[in-house]
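Me: Please give a close account of how the metals are held in this model. I should like the cut-offs behind each term to be stated.

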Amino acid sequence: MEENIPTSMFAWRKHRGSAKPVWSQAISLIFVWEEVPVPETPSTGVLCKMLASGVCRSDHYLLALDDNRPWFQERFTLGHEGCGRIVRMGNDTQGSEFKIGDIVAMHAVPGCGKPECSECSRDLSQLCERCHHSGIGQDGFYAPYAAVDIRALVLVPESVSLAEAAVATDAVTTAYHAIRRRGEVKKTETIFLFGLGGLGFNALQILHAIGARVIVSDLRENLLKDAAKLGIPKADLIFPGQPVQEFVNRNGLAGKIDTVLDFVGTHQTFEDAQQIVRRGRKLVCIGTLNTENTIHMKLGIRKRLSIIFSYGGQVSDLQEILQHLATGSIKPQVEYAILKDFPAILKDLTEGKIQSRVALMHEEAGQE
Ligand SMILES: [Zn+2]
Ligand SMILES: [Zn+2]
């Protein structure tokens with residue numbers, strides 16, 4: 001017997017251009033809490049009752065964005081980090097590993113997986129323009145129900161919390177993809193990590209689990225103290241007020257840093273990164289606090305550097321991460337709120353008041 005699923009629901013949605021902003025900063029953010037139909041179940045997908053969804057800085061970016069990517073709808077439900085319980089299965093999902101009642105992590109951009117797709121066929125599913133993009137221009141997870149393709153799902157191991165599973169889909173996956181797939185970080189390497197925010201702190205745990213030495217820089221002392229609690233030696237933490245290049249030279253790290261992971265992306269971190277990385281090695285860029293930075297051509301060529309960009313992550317990353325979460329080798333820091341709180345949480349996030357990641361818990365999860 002199918003449980004009682006309503007036909008409509010309230011969701012946090014972006015309206016492009018028109019409606020009155022609920023809350024505005026320097027830029028006007030157009031988003032509304034409105035009643036919409038519960039989504040149809042796609043034939044190759046599922047309908048989930050949402051349990052938890054993570055709030056991401058890019059929610060703010062998406063709200064402020066006015067130039068639309070090809071798949072963007074004029075109005076859509078926000079939220080691109082999700083964990084839910086399957087309540088309906090599409091007609092063409094027989095024989096899949098999933099069934100009604102399963103608790104699943106939901107990847108926002110699973111890719112279409114078609115051999116004729118120029119991105120999916122090159123293992124770049126996060127860049128696919130043909131698949132559904134949950135919460136990124138198309139209906140996502142800040143609603144009681146969400147529909148996704150079966151390709152987006154990963155079963156959540158029992159020991160992993162709903163909130164952890166939700167934030168794993170983007171905040172952890174993006175860090176993991178940058179480290180494993182783009183940086184190809186190895187246990188024997190020395191890594192320099194800029195930034196311990198929502199993504200960076202997960203990155204630190206991933207690097208720690210790999211066993212690489214990590215030198216960490218952040219402007220927030222309390223986050224560096226959290227890094228120390230994780231087991232990072234005090235001598236490898238760069239506290240505010242210590243210029244990075246000076247620290248590297250003074251501590252015998254010159255010519256020893258194999259890879260710089262920049263989760264900040266300011267003029268200063270990008271400058272430091274080029275200076276401190278050892279010859280023949282690489283910078284991995286993930287943060288974009290400054291949208292333009294300067295590359296020193298002579299330095300880059302003489303050191304034969306690789307400057308690599310990373311964007312998002314893939315369902316295969318998410319599968320590996322959930323195994324790490326199950327064993328406890330990665331433990332994402334999560335704070336809790338409820339779905340109704342989204343505007344206040346987003347405001348706090350953009351004002352730097354949130355140190356980790358907030359998961360919005362949905363009604364059913366709250367009762368558990
Ligand atoms: Zn995000
Ligand atoms: Zn595709």
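Reply: The account below takes the metal sites one after the other. This is a predicted model, in which local features need pLDDT of at least 70 and side-chain atom pairs count only at pLDDT 80 or more, while totals for chains, interfaces and linings use all residues. Residues are numbered from 1 along each chain as its sequence is written, chains are lettered from A and ligands numbered from 1 in the order in which they are written, and side-chain values use heavy atoms, with hydrogens and water left out.

The zinc ion (ligand 2) is bound through the SG atoms of Cys-112, Cys-117, Cys-120 and Cys-128, at 2.3 to 2.4 Å. Donors here are N, O and S atoms within 2.8 Å of the metal (3.2 Å for Na, K and Ca); water is not among the atoms, so sites may look incomplete. Along the sequence these donor residues follow the spacing C-x4-C-x2-C-x7-C. The arrangement is tetrahedral because the 4 donor atoms subtend angles of 106 to 114°; for four donors, that term requires all angles to lie between 85 and 135 degrees. Ideal angles for four tetrahedral donors are 109.5 degrees. Both Cys-112 and Cys-120 are buried, that is, under 20% relative accessible area with a 1.4 Å probe, protein chains only.

The zinc ion (ligand 1) is coordinated by Cys-56 (SG), His-80 (NE2) and Asp-170 (OD), at 1.9 to 2.2 Å. Its donor residues are spaced C-x23-H-x89-D. Cys-56 and His-80 link distant parts of the chain, 24 residues apart. Cys-56 is buried, as is His-80.

Note on methods: Tetrahedral: all angles 85-135°; square planar, octahedral: opposite > 155°, others 65-115°. Buried < 20%, exposed > 50% of the residue type's maximum accessible area, 1.4 Å probe, protein only. Helix = DSSP H or I, 4+ residues; strand = E, 2+ residues; numbered from the N terminus.
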